[in-house]
Amino acid sequence: SQILQRAKVGADSPKYANFIRQIGESGQHLLQLVQTMLDYNKTVSGKMTFSPVVVQVRAALDEVVAMLEPKRMEFGVEITVRVEGDLTSVVTDPLRLRQMALNLVGNAVKFSKLGGSVLLCARGLNNTQWCIEVEDQGIGIGEDGMKSLFGRFVQLSTGSTKAYGGTGLGLSLARMIARAQGGDVEVKSALGVGST
C-alpha cells in the first residue's frame, strides 16, 4: 500500500492490480485471524451466543462452497455437495454452521492433493439429529496426530504439514461450537489415504 500511496506504480500497470490483490488477501487473512481469536475466547468463556433459525441445508452448504471457491481453485480441488434422504431444512444458527463448515471444508481442501476431491455431505441421523461429513483423499492423519488434533494452537508437524499455515485453532473452535449446541465433531483418518 505504501508503494501505491507513493505512486511508484501507475494504475495502468499490471503490478498495480497485483499489489491491490495482495493487500486485499492479506487484509482478509488478518481479519480471519482476529475473528478466530475473538470467537475462541467467547467460546472458552461461555459467552458465545447462538441465534437458531430454520436453515435450508442445501443452500447453506452451497454458500460455504462458493465462499471457498478461490481456495478450491488455488489447490485444484473439486468440491461435491450431497444432501441425503429427505433432509431439507434444520433449525440451527446459520452463522455458526457456516463458521464450522468453512473450517472443516477449508482444511479438507488445504490438505488435499492437487487435483483431489472433497465431498461435503449432509444427512439425517434420526428425528432430532443430523450431521455433516467432510471427506477428502488428502494426506491423512497418523495415530499420533489423532491424539492432539483438537488441541488448542495445534498444528500437526509431521511431513509437510508445517507448510500449510493457520492458527491451529480451527478444529478446536469447530468442536467447541458444536459441543456448545449439543453436538460434536469427530474424525476418522488414515495417513496417506484421507480424512472424514
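This report looks at the chain, one of its pockets and one patch on its surface.

**The chain.** The model is predicted. The chain holds seven helices and seven strands. Read from the N terminus, the elements follow the order α-α-β-α-α-β-β-α-β-β-α-α-β-β. The chain has 196 residues, and 32% of them are buried.

**The pocket.** Now take the second largest pocket. The space in this pocket comes to about 180 Å³. Its lining includes Asp86, Leu87, Ser89, Val90 and Val91. Further along the sequence, Gly124, Asn126, Asn127, Thr128, Gln129 and Trp130 also line the pocket. Which strand gives the largest share of this lining? Strand β3, residues 89-92, does, with three residues. The lining can also be sorted by residue class, as the table shows.

| Class of lining residue | Number in the second largest pocket |
|---|---|
| Nonpolar | four residues |
| Polar | six residues |
| Charged | one residue |

Asp86 belongs to this lining, and aspartate counts as charged.

**The patch.** Next comes the surface. Leu30, Val34 and Leu38 form a nonpolar patch there. The patch covers about 270 Å². Where does valine 34 lie? Valine 34 is part of helix α2, which spans residues 14-44. Is valine 34 buried or exposed? Valine 34 falls in between: its relative accessible area is 43%, so the residue is partly exposed. A patch residue needs over 30% relative accessible area, and valine 34 has 43%.

Note on methods: Residues numbered from 1 in each chain as written. Predicted model: local features only at pLDDT ≥ 70, side-chain atom pairs only at ≥ 80, totals over all residues. Heavy atoms only, no water. 1 Å grid on protein atoms, 1.4 Å probe; cavity = no way out; pocket = protein on both sides within 12 Å on 5 of 7 lines; lining within 4 Å. Points joined across faces, edges and corners; volume = space filled by probe spheres on them. Helix = DSSP H or I, 4+ residues; strand = E, 2+ residues; numbered from the N terminus. Patch = residues over 30% accessible without salt bridge, like charges linked within 9 Å, V, L, I, M, F, W, Y side chains within 5 Å. Areas by Shrake-Rupley, 256 points an atom, 1.4 Å probe, with all protein chains shown as cover. Salt bridge = Lys/Arg side-chain N within 4 Å of Asp/Glu carboxyl O. Buried < 20%, exposed > 50% of the residue type's maximum accessible area, 1.4 Å probe, protein only.
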